[in-house]
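Biologist: I should like to learn how to read the features of a structural model. Would you take me through one?

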Amino acid sequence: MSRLEILVVEDDPLARKLMEKRLAEHSLDFAADSAAGRQKLEKGKHQVCFIDLNLGPKDDCSGLDLIPVAAAKGVYTVVMSGHDSEKVVEKAYELGCDDFYSKGNEEANVGAVLSRFLQRREKGGPDQLFAERFVTEDAATRQTITEALKYAASELPVLILGPSGTGKTSLARVIHERSGRSGDFVAINCSAYTEDLLEAELFGYRKGAFTGAGDSRKGKLLQADRGTLFLDEIGSMSLKMQTKLLKAIEERTFYPLGSDRPETSQFRIISATLEDLQGLIKAGKLRFDFFSRIHGLTIELKPLAARKGDIFPLISFFSRGGKRLSFSAQAKAQLLAHDWPGNIRELKRVVDLLAAGQEGRVLPETVGKLLRTVVAEAGASDVLTDGQYRYILEHGLAKAADRFVDAAVRRCLAENGGKKTKVLSALGISTRLLYASLKRAP
Amino acid sequence: VKDAEKELDRLVHDVNSRCSSLRDAAAMLRKIPSSERAEFLALMTEQARKLADDLAQFKPDPA
């Protein structure tokens, strides 16, 4: 057996001594309590970690807290315990432990654990994440995600950047699953609601708080207690909502609409956007203090066009369990030549359509037809999003049109280094329209 | 009642853990060099004392 880097977190000196003897052929590191264990896990490069469940007298399963830390670093995590109540075993596996054994007959137990670890290593364990949960073969994307997952168990807020359909929600979910947080993953798309509706969705409301509030309703903030609140399209949130949410994030306390009783929620924020947040700050559309609160760790996902090696692994993943698809060489070339403006979402739509069709053998004519259909569908939905439509209903078409013009002007100005002449020519607008827009949003 | 159950759970855990360490250490006594036996025996004595303390300190549920 090759020499392994092993960490043993065990408070009992006799048990530590026994592990030292039993694992003498490996490189061993010990920690006697939870804090030391956490520190060693964060700094070290261990392959296997044995964690005692109760660390210290009167301890209440504090070893469990170390599981997400170890799992997030990809360490094969083994829990050893003097009792194996089903609840504890279930909790340990839920938190991401790889192996669990009841103390007694350690010689056999430890040997069996190491053998299972080696078997898994031969099968290529870390690849499971990129084959099952976030499918990618792109080395840079794998590296980005592996690095990000090191912070999964921390409280650090995460900001995921990337074009629509690149897997921001999937990544947020993976981070939550590896965070060890006992609450739920609660997602909300901020652009799909008007300001009032978003406030009600996030904070919840009491019965009678507004017309139509027939019953009290729990908001997303409370639903995400001890879990993760995923805010998609964060850039579309109004300044007023940013202020309210910032207060709730800082104080972990908020008032549902129509309630005079505060609610408390321990949620971790993961947000995502496709917009240029620095540009929004400059334009006064995003509060700097709010931005500072949400961008602890920033992850940028590449568009599918920049990782075309993922196209066929993703097709295999999406068609798993269904009809086996076989592509002709020309059909493959067509898929690789396409730009995939809708990214993975667009690819999934193509696979769904292929799977629903009659033929398992895919020819270039079919691919061409489907790509045209999917691009047309995406174009139609791009013209007017749900969020834009709701904004129009709330503020009127004229104000919505101004907002649309302002956003285009701001973006074009940012892309052209603030040169107004370039904006005039790039957008094909009059000087009067440009200055009217700048007056509204300087 | 919940606290009493929790206490009992903890006792069961501690007794199991300590006994399994003692049993394993006893089995290992024959395999280790004699120079290390004194250290092992001292750790085992301490373990046995803690085991006795755990049992003595346990307050059974009065009901």
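**Reading strands, sheets and helices**

Modeller: Let us begin with one pair of strands: in this predicted model, β10(A) and strand β13 (residues 268–273) of chain A pair in the parallel sense over four bridges. Within that pairing, Leu231(A) has Ser271(A) of β13(A) as its bridge partner.

Biologist: Which strand pairs with β10(A) over five bridges?

Modeller: Strand β7 (residues 185–189) of chain A does so, again in the parallel sense. There, Ile188(A) is the bridge partner of Leu231(A) in β10(A).

Biologist: How many residues of strand β10 are buried?

Modeller: A residue counts as buried when its relative accessible area is under 20%. In β10 (residues 228–232) of chain A, five of the five residues are buried, so the strand is largely enclosed by the rest of the structure. Thr228(A), Phe230(A) and Asp232(A) point one way, whereas Leu229(A) and Leu231(A) point the other way. For chain A as a whole, 45% of the 442 residues count as buried.

Biologist: How should I read the order of strands in the open sheet of five strands?

Modeller: One follows the strands from neighbour to neighbour across the sheet; here the order is β2-β1-β3-β4-β5 of chain A, and the pairing is parallel. β2 (27–31) and β5 (99–102) of chain A are at the edges with a single partner strand each, so one side of each has no neighbour in the sheet. From one strand to the next, the twist averages 20 degrees.

Inside this sheet, strand β3 (residues 48–52) and strand β4 (residues 76–81) of chain A run parallel and are joined by five bridges. Val48(A) stands opposite Tyr76(A) in β4(A).

Biologist: Which helices lie against these strands?

Modeller: Helix α1 (residues 13–22) of chain A packs on the sheet and touches β1 (5–9), β2, β3, β4 and β5 of chain A. The direction of α1 makes about 170 degrees with that of β2(A). Helix α4 (residues 86–94) of chain A lies across β4 and β5 of chain A, at about 155 degrees to β5(A).

Biologist: At what angle do the axes of helix α19 and helix α21 of chain A cross?

Modeller: Angles of 65 to 115 degrees count as roughly perpendicular. The axes of α19 (residues 397–415) and α21 (residues 431–440) of chain A cross at roughly 95 degrees and come within 9 Å. That crossing makes α19(A) roughly perpendicular to α21(A). The residues of this contact divide into six nonpolar, one polar and three charged. Among them are Val405(A) and Leu413(A) in α19(A), and Leu434(A) and Arg440(A) in α21(A).

Notes. Residues numbered from 1 in each chain as written. Chains lettered and ligands numbered in written order. Predicted model: local features only at pLDDT ≥ 70, side-chain atom pairs only at ≥ 80, totals over all residues. Heavy atoms only, no water. Axes fitted to C-alpha atoms, helices over the stretch in contact; angles between N-to-C directions. Helix = DSSP H or I, 4+ residues; strand = E, 2+ residues; numbered from the N terminus. Parallel < 35°, antiparallel > 145°, perpendicular 65-115°, else oblique. Contact = heavy atoms within 4.5 Å. Nonpolar A, V, L, I, M, F, W, Y, C, P; charged D, E, K, R; others polar. Buried < 20%, exposed > 50% of the residue type's maximum accessible area, 1.4 Å probe, protein only. Pairing = 2+ DSSP bridges.
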